[in-house]
Amino acid sequence: MTNKKLPSAFYVGFAGLIIANLIWAAAGPIIKLTLNYIPPFTFLFIRFLLVCIILLPIVYIQLQKYRINKSDYFKIFILGIFSQSSIILVFWGLRYTTAIDSAFISLIG
């Protein structure tokens, strides 16, 4: 057996996956606590508004480099509506369960 050293990009990617999992692990309890004070639609609106504000400059720069075909606009619109509107089902479900039960359900899924 040879002892090959892994590239440093491997460790950066691995650290990124761990950080993403920690963020998503904390999301359930945070959402559960937030739903006691803010309705689900308002929370999602604020969440997506902040993401849009943060990502708008990046998207604008990328759209200057790469043009989108006009026939793809409808597909992007439908994908955005259906993929993001399904999150409300998770928020409604969290209203009726505990955060730990939600984690177990996600783990099984």
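Buried means under 20% relative accessible area, exposed means over 50%, and partly exposed lies in between, using a 1.4 Å probe and protein chains only. With that in hand, let's take a friendly tour. This is a predicted model, in which local features need pLDDT of at least 70, side-chain atom pairs count only at pLDDT 80 or more, and totals for chains, interfaces and linings use all residues. Residues are numbered from 1 along each chain as its sequence is written, and side-chain values use heavy atoms, leaving out hydrogens and water.

**View 1. The whole chain has 5 helices and 0 strands.** Helices (H or I, at least four residues) and strands (E, at least two) are DSSP runs, numbered from the N terminus. Read from the N terminus, the order of elements is α-α-α-α-α. The C-alpha trace spans about 55 × 45 × 25 Å along its principal axes. The radius of gyration of the protein is 19 Å, while a compact globule of 109 residues would have one near 13 Å; this radius is taken over C-alpha atoms, and the globule rule is 2.2 Å times the number of residues to the power 0.38. Of the 109 residues, 13% count as buried. The protein exposes about 9600 Å², with 75% of that supplied by carbon and sulfur atoms; accessible areas come from the Shrake-Rupley method with a 1.4 Å probe, and for residues only the protein chains shown count as cover.

**View 2. The largest nonpolar core has 9 residues.** A nonpolar core is a set of buried Ala, Val, Leu, Ile, Met, Phe, Trp, Tyr and Cys residues joined through side-chain atoms within 4.5 Å. Here the members are Ala27, Ile31, Leu35, Phe43, Leu44, Ile87, Ile88, Phe91 and Leu94. Helix H1 (8-34), helix H2 (40-65) and helix H4 (87-95) each give two or more residues to this core. H4 provides the largest share, 4 residues.

**View 3. Helix H4 has buried residues on one side.** Look for Ile87, Ile88, Phe91 and Leu94, which are buried in H4. They lie on the same side of H4 because they cover an arc of only 120 degrees around the axis; the arc is that of the directions from the helix axis to the C-beta atoms. An α-helix has 3.6 residues a turn, so residues three or four places apart point the same way. The buried residues of H4 pack against H1, H2, helix H3 (73-85) and helix H5 (99-108). Contact, in these legends, means heavy atoms within 4.5 Å.

**View 4. Leu44 and Phe48 are two residues to find in helix H2.** Which residues does Leu44 touch, not counting residues up to four places away in sequence? They are Ile87, Ile88 and Phe91. Leu44 counts as buried because its relative accessibility is 8%. Phe48, at 25% relative accessibility, counts as partly exposed. Not counting residues up to four places away in sequence, Phe48 touches Gln84 and Ile87. Phe48 and Gln84 are 36 residues apart in sequence, with 9.2 Å between their C-alpha atoms.

**View 5. Phe43 and Thr34 are in contact.** Leaving aside neighbours within four places in sequence, Phe43 is in contact with Ile31, Thr34, Ile38 and Phe91. Thr34 has its place in helix H1, and it counts as buried because its relative accessibility is 15%. A polar atom of the Thr34 side chain lies 2.6 Å from the backbone oxygen of Ile30.

**View 6. Ile23 is an exposed residue.** Ile23 is found in helix H1. Is Ile23 buried or exposed? Ile23 is exposed because its relative accessible area is 56%. Along the chain, Ile23 and Phe10 are 13 residues apart, and their C-alpha atoms are separated by 20 Å.

Terms used:
Polar contact = N/O pair within 3.5 Å; in protein donor to acceptor, adjacent residues only side chain to side chain.
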